[in-house]
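This report introduces selected local features of one protein chain to a reader who has not met it before. The sequence and the model are shown first, and the description follows.

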Amino acid sequence: MKSGGIILQSRTEQLQGVRSQGISRMRKFIAVYIDLENVAGILNLDKMLQDIILEEDKEDPEEYVFAVKFACGNTNSISKLREQLINHNFDIREAPHISGKKNRADLIISLNAFEKLYLEKPSIDRFVFVTRDSDFSVIMDLLRKYGKEVWLITQADDAQRPIFTSCTD
């Protein structure tokens with residue numbers, strides 16, 4: 001594909017070129033879980049997904065697939081983020097407040113991740129959690145015990161909390 005004299009190659013074309021040269025790429029399946037209650041106002045989804053892709057390209061050449069894209073929480077709080085989620089084909093699940101400020105988003109996301117681990121359809125290699133909520137440390141720790149990569153995307157001050165550093169890669 002040409003654009004102003006510059007040849008642009010799609011990701012698919014690049015992968016086909018690599019395969020035709022006899023270099024095989026491993027396919028890595030990624031699950032992204034977004035806790036809408038804790039990141040809705042601070043998340044730039046386009047940049048976040050691009051950063052995940054750039055991190056992938058730094059490692060061994062692998063083909064990555066976003067096999068799960070799941071966002072959960074009170075959807076009334078995501079007016080700015082809703083369009084980005086829709087454009088990236090995220091499954092958006094409502095989790096209304098059940099008592100005061102608490103909802104079940106952490107439980108819904110954790111069970112979904114555990115279900116993916118148990119069923120292995122597809123077998124997820126990397127689980128990415130976008131949250132500031134330490135309730136996810138339980139499922140993150142469990143996934144690591146089963147040999148899965150676990151990433152946490154959060155604000156810088158939260159990333160160094162011991163509860164998160166002990167259960168993520």
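In this predicted model, Glu149 is partly exposed, with a relative accessible area of 23%. Its salt-bridge partner is Lys28, and the closest N and O atoms of the two are 2.9 Å apart. Glu149 belongs to strand S7 (residues 149-153) and Lys28 to strand S3, so the pair ties together parts that are 121 residues apart in sequence. Lys28, in contrast to a residue open to the surroundings, is buried, with a relative accessible area of 8%. The contact belongs to a network of salt bridges that links Lys28, Arg126 and Glu149.

**Salt bridges**

The count of salt bridges in the model comes to six. Three of them are set out below.

| Pair | Closest N to O distance |
|---|---|
| Glu149 and Lys28 | 2.9 Å |
| Glu63 and Arg27 | 3.1 Å |
| Asp141 and Lys145 | 3.4 Å |

Which parts of the chain does the salt bridge of Glu63 and Arg27 tie together? The bridge itself has its closest N and O atoms 3.1 Å apart. Glu63 lies in strand S4 (residues 62-73) and Arg27 in strand S3 (residues 26-35), so this pair joins parts that are 36 residues apart in sequence. Glu63 is buried, at a relative accessible area of 12%, whereas Arg27 counts as partly exposed at 44% relative accessibility.

The bridge of Asp141 and Lys145 lies within a single helix: both residues are in helix H6 (residues 137-145), four residues apart, about one turn of the helix. Asp141 counts as partly exposed, with 28% relative accessibility, while Lys145 counts as exposed at 64%.

**Strand S3 and its surroundings**

Strand S3 contains both Arg27 and Lys28. Is this strand mostly covered or mostly open? Seven of the ten residues of S3 are buried, and the strand is thus mostly covered. S3 pairs with strand S6 in the parallel sense, over five bridges. Within this pairing, Tyr33 stands opposite Phe129 in S6.

The loop between S6 and H6 holds Asp133. Asp133 is buried, because its relative accessible area of 16% is under 20%. A polar atom of the Asp133 side chain lies 2.8 Å from the backbone nitrogen of Asp135.

**Helix H5**

Does the length of helix H5 agree or disagree with the span expected for its residues? At 1.5 Å a residue, its 15 residues should span 21 Å, and the end C-alpha atoms are 21 Å apart, which agrees. The buried residues of H5 are Ala105, Asp106, Ile108, Ile109, Ser110, Asn112, Ala113, Lys116 and Leu117.

Tyr118 is also found in helix H5, but this residue counts as exposed, because its relative accessibility of 64% is over 50%. Together with Phe114 and Leu119, Tyr118 makes a nonpolar surface patch of about 350 Å².

**Backbone features in the loops**

Most residues other than glycine have a negative phi, and most peptide bonds are trans. Three places in the loops of this model are described here against that background.

Helix H5 is followed by Glu120, whose phi is positive, near 55 degrees. Glu120 lies in the loop between H5 and S6 and is partly exposed, with a relative accessible area of 47%.

What is the form of the peptide bond from Lys121 to Pro122? This bond is cis, with omega near -5 degrees. Pro122 is found in the loop that runs between helix H5 (105-119) and strand S6 (126-130).

Asn89 also has a positive phi in a residue other than glycine, near 60 degrees. Its place is in the loop between helix H4 (79-87) and strand S5 (91-94). Asn89 is exposed, with a relative accessible area of 61%.

How values were computed: Residues are numbered from 1 along each chain as its sequence is written. This is a predicted model: local features need pLDDT of at least 70, side-chain atom pairs count only at pLDDT 80 or more; totals for chains, interfaces and linings use all residues. Side-chain values use heavy atoms; hydrogens and water are left out. Helices (H or I, at least four residues) and strands (E, at least two) are DSSP runs, numbered from the N terminus. Buried means under 20% relative accessible area, exposed over 50%, partly exposed in between (1.4 Å probe, protein chains only). Patches are made of residues with over 30% relative accessible area and no salt bridge: like charges are joined within 9 Å, nonpolar side chains (Val, Leu, Ile, Met, Phe, Trp, Tyr) within 5 Å. Accessible areas come from the Shrake-Rupley method with a 1.4 Å probe; for residues, only the protein chains shown count as cover. A salt bridge is a side-chain nitrogen of Lys or Arg within 4 Å of a carboxyl oxygen of Asp or Glu. The expected span of a helix is 1.5 Å times one less than its number of residues. A polar contact is a pair of N or O atoms within 3.5 Å; within protein, one must be able to donate a hydrogen and the other to accept it, and residues adjacent in sequence count only if both atoms are side-chain atoms. Two strands pair if DSSP finds at least two bridges between them.
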